[in-house]
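Here is a quick walk through one protein model. Have a look at the fold first, then at a few side chains on the outside.

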Amino acid sequence: MNFDLWETPTVQADGADEGCVTFVLHDEDHTLGNSLRYMIMKNADVEFCGYTITHPSESKINFRIQTRGGIPAAEPLRRGLNELSDVCQHVLNTFQARVNEFKERQEQPME
């Protein structure tokens, strides 16, 4: 699954400099915030990436990305979302394969 910026629940809040942008992610919490921050920080072009939860009663994240070399902040965001999606898909596939193996062993008669 690939994400395009206009398909994600994000709104660009601070766009004066393309390389330093705060995105607002609605209906999200630490589950996505921390995982996505980790994936984005692995990118060598990213100087800073962090997020804050505005308030416990609100379900939105302020997600800030600052890049090096004039790279638009939307690029590492898109890449991070795609890489996180790939990791999640791998985990799901591995889990399902193990469940299927377990079920097959359960169906075999005991010797």
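A word on terms before anything else: a residue is called buried when its relative accessible area is under 20%, exposed when it is over 50%, and partly exposed in between. Arg79 has a relative accessible area of 44%, so it lands in the partly exposed class. Keep in mind that this is a predicted model.

**The overall layout**

The protein has 2 helices and 4 strands. Reading from the N terminus, the order of elements is β-β-α-β-β-α. Of its 111 residues, 30% count as buried.

**How the strands pair up**

Which strands does β4 pair with? Start with β2 (residues 20-26), which is joined to β4 (residues 60-67) by 7 bridges, the two running antiparallel. In this pairing, Leu25 sits opposite Ile61 of β4. Strand β2 is also mostly covered, with 6 of its 7 residues buried.

Then there is β3 (residues 46-53), which is likewise antiparallel to β4 and linked to it by 7 bridges. Here Tyr51 faces Phe63 of β4. Between β3 and β4 there are 6 residues, and the two strands make a hairpin. So much for the strands; now for the helix.

**Salt bridges along α2**

Side chains of opposite charge can pair when their charged atoms come close. How many salt bridges does the protein have? The count comes to 2, and here they are side by side:

| Salt bridge | Closest N to O | Spacing in α2 |
|---|---|---|
| Glu83 and Arg79 | 3.0 Å | 4 residues |
| Glu101 and Arg98 | 3.4 Å | 3 residues |

Glu83 and Arg79 both belong to helix α2 (residues 74-107), about one turn of the helix apart. Glu101 and Arg98 are also both in α2, again with about one turn between them.

Are the side chains in these bridges buried or exposed, or something in between? Glu83 has a relative accessibility of 25%, so it counts as partly exposed. Its partner Arg79, at 44%, is partly exposed too. In the other pair, Glu101 is partly exposed with a relative accessible area of 37%, and Arg98 falls in that class at 48%.

**A negative patch**

Where does negative charge gather on the surface? Look for Asp17, Glu18, Asp45 and Glu75, which come together there in a patch. One of them, Asp17, is part of strand β1 (residues 10-17). Patch members need over 30% relative accessible area and no salt bridge. Asp17 has a relative accessible area of 45%, so it clears that accessibility cut-off. The same 45% makes Asp17 partly exposed.

**An odd backbone angle**

One last stop is Asp27, in the loop between β2 and α1 (30-41). What is notable about its phi? The angle is near 60°, a positive value in a residue other than glycine. And is Asp27 buried or exposed? With a relative accessibility of 63%, Asp27 counts as exposed, because the cut-off for that class is over 50%.

**Pulling it together**

To recap, strand β4 pairs antiparallel with β2 and with β3. Helix α2 holds the Glu83 and Arg79 pair as well as the Glu101 and Arg98 pair. Asp17 is in the negative surface patch, and Asp27 has the positive phi.

Terms used: Residues numbered from 1 in each chain as written. Predicted model: local features only at pLDDT ≥ 70, side-chain atom pairs only at ≥ 80, totals over all residues. Heavy atoms only, no water. Patch = residues over 30% accessible without salt bridge, like charges linked within 9 Å, V, L, I, M, F, W, Y side chains within 5 Å. Areas by Shrake-Rupley, 256 points an atom, 1.4 Å probe, with all protein chains shown as cover. Salt bridge = Lys/Arg side-chain N within 4 Å of Asp/Glu carboxyl O. Lys, Arg positive; Asp, Glu negative; His and termini not counted. Charge placed at Lys NZ, Arg CZ, Asp CG, Glu CD. Buried < 20%, exposed > 50% of the residue type's maximum accessible area, 1.4 Å probe, protein only. Pairing = 2+ DSSP bridges.
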